[in-house]
Amino acid sequence: MEEIYAKFVSQKISKTRWRPLPPGSLQTAETFATGSWDNEENYVSLWSIGDFGNLDSDGGFEGDHQLLCDIRHHGDVMDLQFFDQERIVTASSTGCVTVFLHHPNNQTLSVNQQWTTAHYHAGPGSPSYSSAPCTGVVCNNPEIVTVGEDGRINLFRADHKEAVRTIDNADSSTLHAVTFLRTPEILTVNSIGQLKIWDFRQQGNEPSQILSLTGDRVPLHCVDRHPNQQHVVATGGQDGMLSIWDVRQGTMPVSLLKAHEAEMWEVHFHPSNPDHLFTCSEDGSLWHWDASTDVPEKSSLFHQGGRSSTFLSHSISNQANVHQSVISSWLSTDPAKDRIEITSLLPSRSLSVNSLDVLGPCLVCGTDAEAIYVTRHLFS
């Protein structure tokens with residue numbers, strides 16, 4: 001079981017992200033950002049994880065997560081992404097999108113840029129203007145894409161005052177999350193179980209492709225794209241299921257994996273080790289899914305704090321071609337071959353785990369129990 005350190009921060013954490021490392025850097029992750037929600041005052045905060053593992057004179061661990069700086073945030077932080085080493089982009093429940101700038105010399109955050117009315121309800125049944133929560137943001141320098149409850153998609157560029165492109169009625173339902181598929185293409189998930197691909201090279205306001213869960217229109221809350229295989233996408237939704245999609249073929253998921261007992265809030269492929277996937281849920285759990293195919297006889301045991309119970313025997317096929325292993329580990333549907341191993345990373349369930357992020361051997365997650373958990377030894 002990985003050692004995981006908790007820090008109680010007196011605010012509900014809605015989002016957490018590692019600061020990206022400089023290209024070619026050999027460091028491990030050291031700094032992460034959090035955003036809060038459902039508090040009297042909400043904050044965007046930067047933390048340093050310091051040097052865990054050194055016992056101080058009192059026998060406690062020194063190098064607890066240290067708060068570097070914070071800044072008030074108007075509204076709940078609905079999403080948060082690093083734009084680059086110094087800038088953080090947030091999505092607010094007020095419909096505002098803000099770029100914060102970190103000043104490392106005096107450890108402060110300041111507002112660098114703001115689009116205050118990025119998302120809003122308009123038209124019959126609403127006042128002339130009422131804000132709509134911005135639910136998701138994704139960055140690919142210099143571009144920032146946002147989605148919201150108003151079904152709108154915005155394409156912003158850093159240092160441009162106005163949106164470069166807006167698709168006003170992109171969706172008649174709430175858009176919950178967005179990610180880049182490749183540079184001109186984005187992928188959105190919505191509250192009626194649809195996954196849509198949009199190509200900014202096309203002039204129209206129609207998606208280039210629509211995929212959906214058949215049957216019940218279960219809202220999808222989160223999406224992540226495989227870092228190497230851009231056609232492989234994972235989503236999680238209100239029923240806690242993990243869905244794996246191949247956007248090149250068909251309109252339905254390749255596999256549906258029974259996962260959490262309540263809403264899945266985030267799913268992330270490990271950026272450099274994508275046979276590993278991480279999910280977190282309203283049910284208070286944080287899971288590590290291991291589909292690496294180099295284990296010849298993998299047990300289908302679900303580990304939770306040392307107790308194991310047979311949980312899942314979804315298949316992973318071992319293909320002879322090693323180069324296929326990355327693809328086959330998530331796209332196979334042959335139940336006879338192999339299994340995914342799932343490990344529960346939190347010692348006990350409590351309130352909702354709202355957000356997680358992984359970088360190298362480090363994982364951070366934030367919860368409604370006002371705790372931030374960090375481990376620096378994911379694969380030990």
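Reader: What makes you call Trp 115 and Phe 156 buried or exposed?

Author: Happy to explain! In this predicted model, Trp 115 and Phe 156 are both buried, and that word applies under 20% relative accessible area.

Reader: How do you know whether Trp 115 and Phe 156 are stacked or edge-to-face?

Author: Two values settle it. The ring centres lie 4.2 Å apart, and a pair needs centres within 6.5 Å. The planes of Trp 115 and Phe 156 differ by 20 degrees; the cut-off for stacked is under 30 degrees, so this aromatic pair counts as stacked. The count by this rule comes to five aromatic pairs. Ring pairs also link Trp 18, Phe 32 and Trp 47 into a cluster.

Reader: What makes the pair of Trp 115 and Phe 156 a link between distant parts of the chain?

Author: Trp 115 sits in strand β9 (residues 108–115) and Phe 156 in strand β14 (residues 153–157), 41 residues apart.

Reader: Why are strands β26 and β29 said to pair?

Author: Pairing takes at least two bridges, and β26 (residues 286–290) and β29 have four, in the antiparallel sense. Trp 287 stands opposite Ser 344 in β29. From β29 (residues 341–344), Ile 342 and Ser 344 point one way and Glu 341 and Thr 343 the other, all of them buried.

Reader: Lovely. And why is the largest pocket placed where it is, with respect to domain 1 and domain 2?

Author: Its lining draws residues from both domain 1 (28–168) and domain 2 (213–291 + 328–379), so the pocket lies between them. The space in it is about 1600 Å³. Of its 48 lining residues, Arg 17, Asp 79, Gln 81, Val 137 and His 268 lie nearest the centre.

Conventions:
Residues are numbered from 1 along each chain as its sequence is written. This is a predicted model: local features need pLDDT of at least 70, side-chain atom pairs count only at pLDDT 80 or more; totals for chains, interfaces and linings use all residues. Side-chain values use heavy atoms; hydrogens and water are left out. On a 1 Å grid over the protein atoms alone, a cavity is a set of points where a 1.4 Å probe fits but cannot get out, and a pocket is an open set with protein on both sides within 12 Å along at least five of seven lines; lining residues have an atom within 4 Å of a point. Grid points are joined across faces, edges and corners, and a volume is the space filled by probe spheres set on the points. Domain bounds come from an automatic or database domain assignment. Buried means under 20% relative accessible area, exposed over 50%, partly exposed in between (1.4 Å probe, protein chains only). Helices (H or I, at least four residues) and strands (E, at least two) are DSSP runs, numbered from the N terminus. Rings of Phe, Tyr and Trp (its six-membered ring) pair if their centres lie within 6.5 Å; planes under 30 degrees apart count as stacked, over 60 as edge-to-face and the rest as tilted.
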